[in-house]
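Colleague: Could you take a close look at one part of this model for me? I would like to start from a single residue and its helix, and then step outwards to the surroundings.

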Amino acid sequence: MNRHTFSRGLVPLSIASVVLLVGGFAMVFLYAPSDADQGFVQKIFYLHVPLAIVALVGFVAGGVYGIRFLRSGDRLHDLRSYVAIHISLILAVGALVTGSIWAKASWGQWWVWEEPTLVSFLIVFLLYACYQPLRFSIEDPDRQARYAAVFAVVGGAFVPLNFMAVRAAESLIHPRVLSTTGGTMPGSMRITFVVALAGMAVMFVTLCKYELTSKHASFQLRALKRRLAGEDDGWVPVRRSAAPQL
Amino acid sequence: MSAGAPVPTRAVVAALIRKDLRLELRTRESVPAMLLFSISTFVLFHFGLDARSLEGDMAAGVLWVTLLFASVLAINRLFVAEREEGGFDGFLLAPVDRTALFLAKATVLFCFLVAVELAAVPAFAVLLLEPSALPGLPELCLLLLLADAGIAVVGTLVGALAVQTRARDLIVPLLALPLMIPVVIAAARGTAPLWLEAGAEAVPGRWPAILGLYDLVFGLLAYAVFDYLLDE
Amino acid sequence: MPPAEAGTAAGPAVTGEPAAEPAVELRGLSRAYGERVALAGVTLTLPRGATLAVFGANGAGKTTLLRILATLLSPHAGTARVLGRELPRDGWAVRGRIGLLAHDPLLYRELTGRENLAFHARLHGVAPARVEALLEAVGMTRRADEPVRTLSRGMTQRVAICRAVLHEPELLLLDEPLANLDPGAAGAVEPLIGASSGAARVVISHDVEHGLGGADLVLGLRGGRQALLAPAAEVDVATLRELYA
């Protein structure tokens with residue numbers, strides 16, 4: 001296996017994500033205007049919404065890789081699926097936390113149950129929080145990969161459906177930042193938002209690549225160790241884990 | 001008799017359903033438990049909510065959440081016989097399309113849900129609704145059937161997934177409940193107008209539509225993906 | 001499809017060539033469980049109608065081999081051809097021609113013997129009359145309407161044997177077929193699963209003498225690897241006992 005497969009492009013991507021994120025945050029504080037209603041606190045939107053969007057896209061991407069794994073049996077896709085979901089979960093926690101802060105600052109409550117976007121995001125998060133425990137509960141690595149892929153595919157289909165259902169039971173508290181009718185974002189805000197979103201997306205890809213590279217390297221290391229130890233000499237017992245074994 | 005030619009799926013599904021229904025009649029494991037759970041919950045709500053009767057959103061919410069939890073009981077047991085008595089192997093050895101198992105189990109789960117609702121919904125009406133209630137029976141039945149289909153599809157998938165893991169009883173609710181929340185939302189919001197104190201209103205068309213879409217999407221998805229749960 | 005296969009399986013072809021493909025043909029068959037090797041490099045050919053006896057200590061890979069042949073597991077490396085079809089690609093085509101008798105009787109404990117067999121008959125497209133004929137052959141007609149959980153292990157084994165041969169398989173995969181059977185029952189099932197059944201057989205047995213007696217070919221496994229492969233006539237009991245050492 002080409003050992004440069006994952007690490008290729010890592011450096012440019014890291015630089016790009018740093019540039020975009022730093023640039024984006026600079027724009028947030030220096031360029032974008034303050035919101036008329038909410039004031040300074042509204043600026044957390046530039047962090048919260050990109051986190052949420054990238055996390056959701058990441059979950060769906062995990063599902064796509066799940067499909068590819070099921071069809072090809074190539075463990076690499078399972079690894080990509082795992083990493084995508086893993087990192088999206090972290091971003092989702094960030095989105096929930098920033099969303100909560102924003103809610104507290106804007107509406108005085110740490111959580112607003114009537115708000116569909118928050119609630120449906122929470123549901124998706126709770127579902128995916130079970131991904132790793134599910135993987136861990138299956139010992140056979142083949143089966144673990146397959147079942148995790150099935151879960152990822154179902155979850156990926158669930159994300160849009162869930163948002164649709166919850167939105168249909170709507171409330172109007174959550175500022176509809178991206179809807180065409182309600183969005184009264186001036187151009188400067190829009191540009192800042194796009195930069196922040198791009199930065200978050202690139203950072204996500206970079207983090208995924210880092211984790212993929214690191215896991216791939218440790219697998220190769222273990223494979224080498226095994227070969228050095230001689231195949232016949234019993235086997236190196238692998239600690240049971242939720243992460244895919246290549 | 002042909003030498004091991006594949007058997008038509010319809011016949012296989014029928015055989016599986018017969019077998020499961022016969023097992024349920026004999027062991028009485030799922031439906032009585034679901035029924036008992038549902039009715040006890042309604043009784044508890046009756047006393048706990050300290051309200052003479054419920055209406056609208058509240059009533060719909062109580063009914064659907066209870067049905068959802070009851071379905072988890074059935075899902076837990078859906079594949080247990082297969083797992084413990086070699087049913088998977090027995091089925092996998094047959095020259096049949098493996099998706100037949102999914103179709104059969106989903107149908108069985110659907111039947112269980114309908115059976116429970118035949119008793120639980122009237123009980124609910126007696127315990128928690130105004131005496132004038134249960135108007136709009138056709139709409140209610142439509143919503144019940146659509147929602148049951150969604151629960152059956154997702155429940156079968158989660159049941160099959162969970163039965164082969166080590167923490168089955170934990171994983172089923174953790175996976176099934178979030179996945180079925182759109183069903184609860186759509187079904188509850190759809191049922192609510194039927195039980196308003198002021199008089200039943202029409203059910204907004206979007207709720208059956210969402211249920212239908214959910215059933216379709218997850219039905220197709222589960223059909224496509226189920227095979228992979230059985231492979232080794 | 002079936003008629004063509006039946007033609008080749010029936011006997012020497014018109015041209016006089018060796019008729020059918022072997023019942024089992026393995027080349028370098030391997031299967032791992034995670035990083036642990038369950039089977040590695042198993043290579044053998046078993047002609048139609050012949051019996052392969054498999055010996056080995058616990059964990060040597062016997063059950064894995066059987067399950068691969070039964071199409072329940074897929075090979076991780078090497079090739080496996082069963083009844084002329086390659087696994088796992090064509091597993092669906094041969095499934096109905098293989099009979100498996102494993103540790104687990106594969107019977108629902110709350111259903112009766114008759115109901116279990118009727119169910120499996122429907123799964124395999126077998127006529128119901130066959131169920132009755134088999135129950136009578138193993139002497140279970142009287143107890144066939146009691147739930148399987150009330151039957152003794154010997155009786156359960158007899159019903160399981162019926163299940164395994166219900167669809168008249170050309171290849172029998174047997175894991176300790178005579179376990180729990182008294183001599184009378186063992187004699188009754190002999191025409192169904194024994195050498196006289198006419199099917200190719202792969203038999204796992206811990207009874208070294210008896211297993212050797214009924215075999216044409218012997219395979220010894222140790223740690224998943226092929227420790228011994230020879231015609232039964234050339235193998236003696238002492239060599240086999242070393243496998244278990």
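Modeller: Happy to; what follows goes from one residue in chain B to its helix pair, then to the chain contacts, and ends with chains C and A.

Please keep in mind that this is a predicted model. The residue I would pick is B:Thr156, which is found in helix α7 of chain B. B:Thr156 has 25 other C-beta atoms within 10 Å, and because the cut-off for a buried residue is 20 or more, B:Thr156 counts as buried. If we leave aside the neighbours within four places in sequence, B:Thr156 is in contact with B:Leu78, B:Phe102, B:Lys105, B:Ala106, B:Leu109 and B:Ala222. For a sense of distance, take B:Asp97, which is 59 residues from B:Thr156 along the chain: the C-alpha atoms of the two are separated by 17 Å.

One of those partners, B:Leu78, leads us to the next helix. B:Leu78 belongs to α3(B), and together with B:Ser71 and B:Ile75 in that helix it meets a set of residues in α7(B), namely B:Ile151, B:Gly155, B:Thr156, B:Val158 and B:Gly159. Sorted by class, this contact of α3(B) with α7(B) has four nonpolar, four polar and no charged residues. As for the geometry, α3 of chain B covers residues 56-78 and α7 of chain B covers residues 137-163; their axes come within 9 Å and cross at roughly 40 degrees. That angle makes α3(B) oblique to α7(B). The crossing of the two is right-handed.

A helix pair in chain A makes a useful companion. There, α2 (residues 45-72) and α3 (residues 75-107) have axes that come within 7 Å and cross at roughly 160 degrees. α2(A) and α3(A) are therefore roughly antiparallel to each other, and α2(A) passes α3(A) in a left-handed crossing. The contact of α2(A) with α3(A) has 17 nonpolar, 11 polar and three charged residues.

Now let us step out to the contacts between chains. Chain B meets chain A through 25 residues of chain B and 24 residues of chain A. On the side of chain A that touches chain B, α4 (116-128) and α6 (141-168) each supply at least two residues, and α6(A) gives the most, with 15 residues. By class, that side of chain A has 20 nonpolar, two polar and two charged residues.

Chain B also touches chain C, in a contact that takes 28 residues from chain B and 29 residues from chain C. On the side of chain B, the elements giving two or more residues are α1 (9-27) and α5 (87-92). Of these, α1(B) gives the most, with eight residues. The residues on this side of chain B divide into 16 nonpolar, six polar and six charged.

Finally, a few words on chain C itself. Chain C has nine helices and 10 strands. Its radius of gyration is 18 Å, close to the 18 Å that the globule rule gives for 245 residues, so chain C is as compact as a globular protein of that length. Along the principal axes, the C-alpha atoms of chain C fill a box of roughly 50 × 45 × 35 Å. Buried residues make up 48% of the 245 residues in chain C. Among its contacts between residues at least 6 apart in sequence, 68% join residues at least 24 apart.

Methods
Residues numbered from 1 in each chain as written. Chains lettered and ligands numbered in written order. Predicted model: local features only at pLDDT ≥ 70, side-chain atom pairs only at ≥ 80, totals over all residues. Axes fitted to C-alpha atoms, helices over the stretch in contact; angles between N-to-C directions. Helix = DSSP H or I, 4+ residues; strand = E, 2+ residues; numbered from the N terminus. Parallel < 35°, antiparallel > 145°, perpendicular 65-115°, else oblique. Left-handed = near helix turned anticlockwise from the far one by under 90°. Contact = placed C-beta atoms within 7 Å. Nonpolar A, V, L, I, M, F, W, Y, C, P; charged D, E, K, R; others polar. Rg over C-alpha atoms; globule rule 2.2 N^0.38 Å. Buried ≥ 20, exposed ≤ 12 C-beta atoms within 10 Å, placed from the backbone.
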